[in-house]
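Got your viewer open? Load the model and follow along, one selection at a time.

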Amino acid sequence: MWIKRAFFQDIPASEITERSVYVSRRSFMRAAAAAAAGALVVEPAEAAQPAPHGRKLESVRPSALSTTEKPNSWEQITTYNNYWEFGKEKGDASVYARPFTFSSWTITVSGECAKPGRYPLDDVLKGQALEERIYRHRCVEGWSMVIPWVGFPLAHFLERCEPTSKARFVEFTTLVDRAQMPGTRLPILPWPYVEALRMDEALHPLTLLAVGLYGEVLPNQNGTPIRLVVPWKYGFKSIKAIVGIRFVERQPHTTWNDANPPLYGFWANVNPAIYPQQTERRIGEFWERKTLLFNGYADQVASLYSGMDLNKNY
Ligand SMILES: Nc1nc2c(c(=O)[nH]1)N[C@H]1C(S)=C(S)[C@@H](COP(=O)(O)O)O[C@H]1N2
Ligand SMILES: [Mo]
């Protein structure tokens, strides 16, 4: 069974004891303390816990833009995450984001638009019909999943902000809460996490503001209460826990692009022509799959990049 365990990563919740969670939490806290003291080695935390089930979202409509591929399980989607605000290891967010809470949430809109200001979450959601969008997800690290998000097109909200003709890019920022997000107390990335899209990418009907997963409110580890999903781009573009949206004229600096430009291009379009992105392992599967151009969404998005050399602008 050890082979299945090693490759399938779907350890049932029942096997994850409180003790293992406790031990890993301690190791992360030790790592945090060590990093704060200037030590170089950060000890990884390991045990992951699936998210508890949350409030069910009402009147969610299916979307014609969903893939017909089989979604990954709740357990897989909520335990295998990148969310560095809560740690560097795949299981960290499932453990350290568990106690995360907030009493109110506001997205601050600024920059080149006629309607800047502070938009409470209720206002952002006002009048939005929620859809289930089952999307392929491809991480730049070579793994993939299929995820049933619930949300609405980002365009619907951006249009309400009335971007000006100078708005060529949209920049997004994630919450930084040093008390609740242990990763933000470490210098593992410059905080806040920032991502950006070109305006036409942001307005594309596939680009989703997600507020749910499997018909329920977003689990903490998946970016509660509101996050971006851009299915034709590598996962790092899909920023979680959004508190800021800024319309700008010039291409913004973004977290991973600044951290390691050769590996994390600004465009981040899934492209098997670029080494080493030829294949991917779908979480839960054994054999690798061939990675598809634009993660399989080429029919819908390739025209956004006509005239652009995708092997240079990666
Ligand atoms: N704020 C924030 N958003 C983030 C990340 C992060 O570290 N911080 N990681 C990204 C990466 S690399 C991936 S693969 C996805 C993974 O989470 P998901 O499965 O919930 O989409 O989140 C993305 N969004
Ligand atoms: Mo990723």
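## Stop one: the ligand

This is a predicted model, so keep that in mind as you click around. Start by selecting ligand 1 and the residues around it: there are 18 of them, and W84, E85, R227, S238 and K240 come nearest. Colour this shell by class and you will find eight nonpolar, seven polar and three charged residues.

Now show R227 as sticks. One of its polar side-chain atoms lies 2.8 Å from an oxygen atom of ligand 1. Add K240 next, where a polar side-chain atom sits 2.7 Å from an oxygen atom of the ligand. For S238, turn on the backbone as well: here a backbone N or O atom lies 2.8 Å from a nitrogen atom of ligand 1. Switch to a surface view, and how much of the ligand does the protein bury? Taken alone, ligand 1 exposes 530 Å², and the protein buries 98% of that.

## Stop two: strand β5 and its partners

Select residues 143–153, which form strand β5. Of its 11 residues, 11 are buried, so the strand is mostly covered, with buried meaning under 20% relative accessible area. As you look along a strand, remember that in a regular one the side chains alternate between the two faces of the sheet.

Next, add β4, residues 131–138, which pairs with β5 in the antiparallel sense over eight bridges. To see one of the paired positions, pick E131 and its bridge partner in β5, G151. Then move to the hairpin of these two strands, which has four residues between them; G142 takes a positive phi near 100° there.

Which strand runs antiparallel to β5 and is joined to it by five bridges? Select residues 208–213: this is β8. Zoom in on V150, whose bridge partner in β8 is G212.

Finish this stop with β12, residues 279–282, which runs parallel to β5 and is joined to it by two bridges. Click W143 to find R281 of β12 standing opposite.

## Stop three: the cysteines

Select the cysteines and look for sulfur pairs. How many disulfides does the structure hold? The count is zero. C161 is in no disulfide, and the nearest cysteine sulfur, that of C113, is 5.7 Å away. Is C161 buried or exposed? It counts as buried because its relative accessibility is 0%. Last, click C139, which also counts as buried, at 6% relative accessibility.

Key. Residues numbered from 1 in each chain as written. Chains lettered and ligands numbered in written order. Predicted model: local features only at pLDDT ≥ 70, side-chain atom pairs only at ≥ 80, totals over all residues. Heavy atoms only, no water. Buried < 20%, exposed > 50% of the residue type's maximum accessible area, 1.4 Å probe, protein only. Pairing = 2+ DSSP bridges. Near = heavy atom within 4 Å. Polar contact = N/O pair within 3.5 Å; in protein donor to acceptor, adjacent residues only side chain to side chain. Areas by Shrake-Rupley, 256 points an atom, 1.4 Å probe, with all protein chains shown as cover. Nonpolar A, V, L, I, M, F, W, Y, C, P; charged D, E, K, R; others polar. Disulfide = S-S within 2.5 Å.
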